[in-house]
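Biologist: Please take a close look at the strand pairing in one sheet. Then follow the charged side chains elsewhere in the chain.

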Amino acid sequence: MNQLEKEPLTNSSRTPNEEHQPVVLQPVQPKLAGSTPTKRFRFVKPNRSQLNMLAVLTLLGIAIAFWFLAPRDWITPNNDGLTTANNGSVRDGSNQTTGEPITPFKDAQQERAREAAETVFDEFVQYQDEIERNQYGTEEHSERESAIHERANKADLLFADRRFDEAISEYEQALQEIKQLLVDINTEFDHWVEQGTEALQDRDFETSLDAWSRAQAIKPLDQDVQTKLARVQLLPKVNELIRESDRAKMREDWVQALEHLNEVSKLDPLTLGIADRRAEILERITSQDLNDALTAGHEQLTGNNFDTAEQIFEEILVDYPDNTAAQTGLQQVRRARLAQKIEALRVEGLEKENELDMRGALKIYDEALALDNSLQFATEGRERVFEIISVVNDMNNTLLDPHALSADEAYDEAKEILETAQNHRGHSEEYDKLLESFADLVSYAGTQLPVVLISDEKTDVTLTTRHRIGSFQRHELTLRPGRYTLHGSRDGWVDIRKEFIVQQDMDPVSIVCEEQI
């Protein structure tokens with residue numbers, strides 16, 4: 001028995017019998033366990049070993065109680081302050097449910113809203129990709145784009161929170177803003193391109209450099225802008241060469257003036273006005289002998305003496321290889337020779353057409369186009385030949401079987417053929433003869449001729465190309481000329497089919513079932 005059990009309690013309420021009974025202390029739970037003692041005891045001062053043991057047990061009890069009773073989020077970190085409720089919904093740190101029950105109808109509505117939001121978002125991304133892929137815009141445009149992205153990010157958060165209608169509104173606003181941004185970028189870009197082009201044509205270095213640099217800042221990947229900037233960088237040298245050429249002209253140093261212009265052409269062949277300046281200098285350079293030679297060459301060209309003219313111009317170019325007058329004369333000789341050949345082909349092609357030798361005409365036109373595929377007469381000739389070949393074949397085929405025009409479709413087609421064929425009236429004598437015969441046939445096929453049908457009043461008659469007539473003894477009607485078929489039927493008798501040709505002054509047509517089954 002320990003010291004506490006041996007030491008008696010001093011309590012005036014105890015009875016004499018109780019004074020001799022030992023007192024046993026009940027263990028007291030730590031305060032963190034949540035219980036309190038049911039009896040109060042008189043304090044008895046423990047010795048040092050008991051105090052040490054009591055301290056160890058107390059610390060151990062506090063640790064065990066903390067482990068079992070403390071909230072879990074004190075021990076295990078809770079990401080973003082969210083926990084999961086029993087029903088699977090997400091709760092924040094204050095145990096408030098952030099989700100809400102989803103019913104099938106509401107879920108379908110949200111799905112449609114989600115799809116609508118994604119559609120708007122996809123279109124927004126297309127414009128965003130265009131701007132970013134091409135690196136459009138200046139710093140000012142980038143600031144506007146950043147503001148637009150902030151709106152889109154806001155829409156993303158709403159979308160992630162399943163607030164699709166609000167997300168759609170934000171996406172649509174962002175879409176309109178990015179569309180307008182692209183319009184503004186293009187408008188500003190076009191403005192600087194226009195100004196830069198005009199300044200470059202005027203060889204205004206400062207203005208053109210500023211304009212094209214601004215255009216490049218807006219669209220840095222634009223190849224045309226980079227090309228124009230490269231030309232702008234050449235402007236100081238180009239302008240200096242032109243000034244040197246003008247100074248040489250004042251000194252009447254025509255050769256030097258021309259060389260400066262040639263250097264300009266090598267630097268920037270697109271510089272305006274160089275051809276005119278060169279022509280002026282060449283005119284000064286050209287001597288009287290050169291003028292006489294050029295005159296002689298053109299005289300030979302006018303007389304269609306192409307070989308002689310070509311020789312004169314080539315001799316001039318031996319002494320003056322850059323002489324544009326001789327070069328032009330030589331080109332004119334070659335063009336004139338080609339034009340003469342082409343004209344001969346044109347005449348020959350028409351002759352073949354007049355003879356209705358369409359294959360021959362087509363061959364000639366193809367030969368002309370091989371020389372120059374832009375020849376209008378040859379292109380039109382081929383089209384005309386194919387159309388005439390087609391319409392001549394159609395007219396001939398119809399004339400071979402004129403009775404087929406009794407059918408409405410064949411008759412309508414014949415009228416269309418006639419209309420096309422008349423577009424080429426006067427093409428040739430042979431063609432006009434064929435056209436006249438075909439026109440007479442179409443006109444005759446459109447007339448109505450009287451027809452008399454005879455039967456036995458027992459046979460049921462049908463005109464296959466029109467309608468049922470019925471039974472009769474004599475039936476009169478009018479039909480267009482051509483081939484028709486009558487069909488007769490009678491119960492117990494073999495059906496009969498009879499083909500006949502409607503023409504002027506024709507005899508009555510009999511249709512009777514004559515053979516019993």
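Modeller: Two strands count as paired if DSSP finds at least two bridges between them. Strands (E, at least two residues) and helices (H or I, at least four) are DSSP runs, numbered from the N terminus. The model is predicted, so local features need pLDDT of at least 70 and side-chain atom pairs pLDDT 80 or more, while totals for chains, interfaces and linings use all residues. Residues are numbered from 1 along each chain as its sequence is written, and side-chain values use heavy atoms, without hydrogens or water.

Now the sheet. It is open, has three strands and takes the order β6-β3-β9. Its pairing is mixed. The edges belong to β6 (474–479) and β9 (509–510). Each edge strand has a single partner, so one side of each lacks a neighbour in the sheet.

Take the β6 side of β3 first. Strand β3 covers residues 449–454. Six bridges join β3 to β6, and the two run antiparallel. Two residue pairs show the register. Leu449 faces Leu479 of β6. Pro450 has Thr478 of β6 as its bridge partner.

On to the β9 side. Here β3 and β9 run parallel, and two bridges join them. Which residue of β9 is the bridge partner of Leu453? It is Val509. So much for the strands; β3 pairs antiparallel with β6 and parallel with β9.

Next, the charges. A salt bridge here is a side-chain nitrogen of Lys or Arg within 4 Å of a carboxyl oxygen of Asp or Glu. The whole structure holds 26 of them. Three are worth a walk-through.

Start with Arg231 and Asp268. Their closest N and O atoms are 2.8 Å apart. Arg231 sits in helix α9 (residues 223–250), and Asp268 sits in the loop between α10 (254–267) and α11 (274–285). The contact therefore ties together parts that are 37 residues apart in sequence. Buried or exposed? Both Arg231 and Asp268 are buried. The cut-offs are under 20% relative accessible area for buried, over 50% for exposed, and partly exposed in between (1.4 Å probe, protein chains only).

Stay in α9 for the second pair. Arg247 and Glu244 form a salt bridge with an N to O distance of 2.7 Å. Both lie in this helix, three residues apart, about one turn. Arg247 has 35% relative accessible area, so it is partly exposed. Glu244, at 26%, is partly exposed too. The contact belongs to a wider set: Glu240, Arg243, Glu244 and Arg247 form one network through salt bridges that share partners.

The third pair is Glu166 with Arg163. Their side chains meet at 2.8 Å, N to O. Glu166 reaches 38% relative accessibility, which means partly exposed. Arg163 is at 37% and also counts as partly exposed.

Finish with two acidic residues of helix α7. Asp165 lies in this helix. Its relative accessible area is 58%, so Asp165 is exposed. The C-alpha atoms of Asp165 and Arg112 are 9.8 Å apart, with their positions 53 residues apart along the chain counted as the separation. Asp190 is in α7 as well. At 47% relative accessibility, Asp190 is partly exposed.
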